[in-house]
Amino acid sequence: SVAKAVGLSGPEGATLAEDLTTTETGVDVATAAGHAIWITTAANPTEFPFDIVVGGESMTVTAITGTSSPQTFTVTRSVNGVVKTHSTGATVRLAESMFIA
């Protein structure tokens, strides 16, 4: 929802910092230099959960830890039924684009 996603930072320039198996739920995400890191659960608990997409697979992010890149996302995998591995460097993006007036 837009309400939960307001305040998210870091969706641009975000990539996987590791290869993922089909079942891994602790996902390391790197943010490119010059981009803000993602919010963390500790700082913004009401902003969670939200969905991201990596290589066509939707994942629900239930927590993020770390105050520098890479950060660790705790996710529920394959929420859209897509089950696959992913390689380091794959783009991480929000599942839905948001427009804030």
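From the N terminus on, the elements of this chain follow the order α-β-β-β-β-β-β, which amounts to one helix and six strands. Helices (H or I, at least four residues) and strands (E, at least two) are taken as DSSP runs and numbered from the N terminus. The model is a predicted one, in which local features need pLDDT of at least 70 and side-chain atom pairs count only at pLDDT 80 or more, while totals for chains, interfaces and linings use all residues. Residues are numbered from 1 along each chain as its sequence is written, and side-chain values use heavy atoms, with hydrogens and water left out.

A few overall values help to set the scene. The accessible surface of the chain comes to about 5300 Å², and carbon and sulfur atoms hold 55% of this area. Accessible areas come from the Shrake-Rupley method with a 1.4 Å probe; for residues, only the protein chains shown count as cover. Of the 101 residues in the chain, 34% are buried (buried means under 20% relative accessible area, exposed over 50%, and partly exposed in between, with a 1.4 Å probe and protein chains only). Among the contacts with a separation of 6 or more, 60% are between residues 24 or more positions apart; a contact here means heavy atoms within 4.5 Å.

The strands come together in an open sheet of six, with the order β1-β2-β5-β4-β3-β6 and antiparallel pairing. At the edges are β1 (14–16) and β6, each of which pairs on one side only. Two strands are said to pair if DSSP finds at least two bridges between them.

Strand β4 is a good place to begin a tour of this sheet. Seven of the nine residues of β4 are buried, so this strand is largely enclosed by the rest of the structure. Strands β3 and β4 run antiparallel and are joined by five bridges. Within this pair, F50 has V61 of β4 as its bridge partner, and V54 is matched with E57 of β4. The two strands form a hairpin with two residues between them, and G55 in the turn has a positive phi of about 55°. Towards β5, β4 again pairs in the antiparallel sense, over five bridges, and here V61 stands opposite V75 of β5. The hairpin of β4 and β5 has five residues between the strands, and in it G66 takes a positive phi near 110°.

Which residues does Q71 contact beyond its neighbours within four places in sequence? Q71 is in strand β5 (residues 71–76), and its partners are V27, D28, V29, T31, I37, W38, I39, T40, I64, T65 and G66. Q71 counts as buried because its relative accessible area is 1%. Polar atoms of the Q71 side chain lie 3.0 Å from the backbone nitrogen of W38 and 3.0 Å from the backbone oxygen of G66. Both distances fit the description of a polar contact, a pair of N or O atoms within 3.5 Å; within protein, one must be able to donate a hydrogen and the other to accept it, and residues adjacent in sequence count only if both atoms are side-chain atoms.

T40 takes part in this neighbourhood too. T40 is found in the loop between β2 and β3, and this residue counts as buried because its relative accessibility is 15%. Not counting residues up to four places away in sequence, T40 touches F48, I64, G66 and Q71.

The loops hold some further backbone details. A cis peptide bond, with omega about 0°, joins F48 and P49, and P49 is in the loop between β2 and β3. Another cis peptide bond joins S69 and P70, again with omega about 0°; P70 is in the loop between β4 (57–65) and β5. Although 38 residues separate A32 and P70 along the chain, their C-alpha atoms are 9.4 Å apart. A32 is in the loop between β2 (26–31) and β3 (50–54), and A32 counts as partly exposed because its relative accessibility is 33%. Finally, S78 has a positive phi of about 55° although it is not a glycine. S78 is in the loop between β5 and β6 (93–94), and S78 counts as buried because its relative accessibility is 18%.
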